[in-house]
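Open the model in your viewer and keep the selection box ready. We will make a few stops.

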Amino acid sequence: MPTAPGLILASTSVYRRELLARLILPFEVRQPQVDEARRPAERPPQRAERLALAKAEAVAAVAPAAVVIGADQVAACGDQILDKPGSAAAARLQLRQQSDRAVQFYSAVAVLWRERAYADCFMDRTRVVLRALSDAEIDAYIAADEPFDCAGSLRSEALGASLCESIVTTDPTALIGLPLIRLAASLRACGYRVP
């Protein structure tokens, strides 16, 4: 089999970097220069898809011989998009809003290999139901996990799991930000040896 192409993760997310490292493939990380501003009337899944593709395209444009992975996650509670909170106060508001409710996490991925005209875009939807949370529980969680860089303020791979009543998904890594089951299949299609 010919040597697999270079692999680039078009993301600065430490969580995605850690997840991709699980596949034991050499890769580099590049920051995509993409405007992530919301567009009017854009639904959460469409926003996730648009941003994942835009990130992959931005890096693939300057590295056409490499396989580039772009990813984005959008959380929504009802019609409200829940971005990364950035602060304890914003996280507290988000978690109060989600208390005793269902939240959808849309994790979109775009895999591009321009040199071979390969494009694979896919999305995982994870449904999370949070239990009824007291202010004291929310404050204790925020102090312990500091989920300021997590969509919806939910760090499910850490203490955030204790806030949940249920998590329904086809891929448990999707909620962290990169659905590895489907991504591994896409990378195999590009010639990578992924067990």
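The tour goes through a pocket, a loop residue and a ring in this predicted model.

**Stop 1: the largest pocket**

Start with the pocket's centre. Which residues are closest to it? Select S13, R16, D72, K84 and D149. They are among the 31 residues that line the largest pocket. The volume of this pocket is about 610 Å³.

Now colour the elements around it. Four of them, α1 (14-21), α2 (44-60), β3 (67-77) and β4 (80-82), each give two or more residues to the lining. Which element gives the most? Select β3, which supplies 4 residues.

Next, colour the lining by class. You will find 16 nonpolar, 6 polar and 9 charged residues.

**Stop 2: L25**

Select L25. You land in the loop between α1 and β2 (28-29). Is L25 buried or exposed? L25 has a relative accessible area of 12%, so it counts as buried, the cut-off being under 20%.

Show what surrounds this residue. Beyond its neighbours within four places in sequence, L25 is in contact with L7, L187, Y192, R193 and V194.

Now add E57 to the selection. In sequence, E57 and L25 are 32 residues apart. In space, their C-alpha atoms are 21 Å apart.

**Stop 3: F122 and R182**

Select F122 and show its ring. What lies over the face of F122? Add R182 to see: R182 sits over that face, 4.5 Å from the ring centre.

Finish with a search for aromatic pairs. How many are counted? The count is 0.

Terms used: Residues are numbered from 1 along each chain as its sequence is written. This is a predicted model: local features need pLDDT of at least 70, side-chain atom pairs count only at pLDDT 80 or more; totals for chains, interfaces and linings use all residues. Side-chain values use heavy atoms; hydrogens and water are left out. Rings of Phe, Tyr and Trp (its six-membered ring) pair if their centres lie within 6.5 Å; planes under 30 degrees apart count as stacked, over 60 as edge-to-face and the rest as tilted. A charge sits over a ring if NZ of Lys or CZ of Arg is within 6 Å of the ring centre and within 35 degrees of the ring normal. On a 1 Å grid over the protein atoms alone, a cavity is a set of points where a 1.4 Å probe fits but cannot get out, and a pocket is an open set with protein on both sides within 12 Å along at least five of seven lines; lining residues have an atom within 4 Å of a point. Grid points are joined across faces, edges and corners, and a volume is the space filled by probe spheres set on the points. Ala, Val, Leu, Ile, Met, Phe, Trp, Tyr, Cys and Pro count as nonpolar, Asp, Glu, Lys and Arg as charged, and the others, Gly among them, as polar. Buried means under 20% relative accessible area, exposed over 50%, partly exposed in between (1.4 Å probe, protein chains only). Contact means heavy atoms within 4.5 Å.
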